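Biologist: I should like a close look at a single part of this model, with the surrounding elements described as far as they bear on it. Please give one connected account.

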Amino acid sequence: MVIGQKDDFAIECIHEPDTPNEHGWVFGRMCVWCRGVELGDLTEPTCMLNGTEGHFQEVLDQIDDLHDECVDDLPDKAAFHLLDSALYLDDDRTSQQVYEDAIRYSKFDFLTNWGESFDGVKAFLLIRGERCRVLYR
C-alpha cells in the first residue's frame, strides 16, 4: 500500500499477516518517500509496525508545534546541523543544557529510532504555515 505520491511525499507499507504473535501486533515492511528518495528499508522483513504507527500519531498530534524561531528560516543544511547537534552531539554542554535542548528540539525528530525499518535514518520534520520540510541524512 502506498499513501501519497513517491515523487512528493508518501508512506509505503507491506503487511505481513503470517508473522506469528500472541499479542495482535502488526508486522510488515515500511518506508517513507520524500521527493523520490526512500527513507527506511522496505526490504527489511518482519518489522513491528505498531510502534511506527504510534510515532506517526504523535507527529499528527503536535503538527501545529513543529516550528521554532531558531530553525524556521535557516537553510536546510544549517537547520539539520542545528537540530542534529542539539539532539545528538556529545560535546561540552552541561546536563542541564542537554536537557533543555532535548525538551525544545526533540519534537522535530522524524523517523529516527522509529523501528527496524528506519535503522540508520536520521530525519527531522519542520512545518511552518503551508511549508513542510523533511531534513534527512
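What volume does the largest cavity have?

Modeller: The model is a predicted one, and the largest cavity in it has a volume of about 60 Å³. With a threshold of 30 Å³ or more, the count of cavities is one.

The lining of this cavity consists of Asp 72, Leu 126, Ile 127, Arg 128, Arg 131, Cys 132 and Arg 133. By class, three of the lining residues are nonpolar and four are charged, with no polar residue. Two strands, S6 (123-128) and S7 (131-136), each supply at least two residues of that lining.

The pairing of these two strands deserves description. S6 and S7 run in the antiparallel sense and are joined over six bridges. Within this pairing, Leu 126 stands opposite Arg 133 of S7, and both residues belong to the cavity lining. The hairpin has two residues between the strands, and Gly 129 there adopts a positive phi near 65 degrees. In a regular strand, side chains alternate between the two faces of the sheet.

Helix H2 also packs against this pair of strands. H2 covers residues 76-88, 13 residues in number, and spans 17 Å from its first C-alpha to its last, close to the 18 Å expected at 1.5 Å a residue. Its buried residues are Ala 79, Phe 80, Leu 83, Asp 84, Ser 85, Ala 86 and Leu 87. An α-helix has 3.6 residues a turn, so residues three or four places apart point the same way. The buried residues of H2 pack against S6 and S7, and also against helix H3 (95-105).

The same strands take part in the largest pocket, whose space amounts to about 840 Å³. Two or more lining residues come from each of S6, S7 and H2, and likewise from strand S2 (9-15), strand S3 (27-34) and helix H1 (50-61). S7 gives the largest share of the pocket lining, with six residues. In total the pocket is lined by 28 residues, and those nearest its centre are Phe 9, Cys 34, Phe 110, Leu 125 and Val 134. The classes in this lining are 21 nonpolar and seven charged residues, with no polar residue.

To return to the part requested, S6 and S7 contribute to the lining of the cavity and to that of the pocket. Leu 126 is one of the residues lining the cavity, whereas Leu 125 is among those nearest the centre of the pocket.

Conventions: Residues are numbered from 1 along each chain as its sequence is written. This is a predicted model: local features need pLDDT of at least 70, side-chain atom pairs count only at pLDDT 80 or more; totals for chains, interfaces and linings use all residues. Side-chain values use heavy atoms; hydrogens and water are left out. On a 1 Å grid over the protein atoms alone, a cavity is a set of points where a 1.4 Å probe fits but cannot get out, and a pocket is an open set with protein on both sides within 12 Å along at least five of seven lines; lining residues have an atom within 4 Å of a point. Grid points are joined across faces, edges and corners, and a volume is the space filled by probe spheres set on the points. Helices (H or I, at least four residues) and strands (E, at least two) are DSSP runs, numbered from the N terminus. Ala, Val, Leu, Ile, Met, Phe, Trp, Tyr, Cys and Pro count as nonpolar, Asp, Glu, Lys and Arg as charged, and the others, Gly among them, as polar. The expected span of a helix is 1.5 Å times one less than its number of residues. Buried means under 20% relative accessible area, exposed over 50%, partly exposed in between (1.4 Å probe, protein chains only). Contact means heavy atoms within 4.5 Å. Two strands pair if DSSP finds at least two bridges between them.
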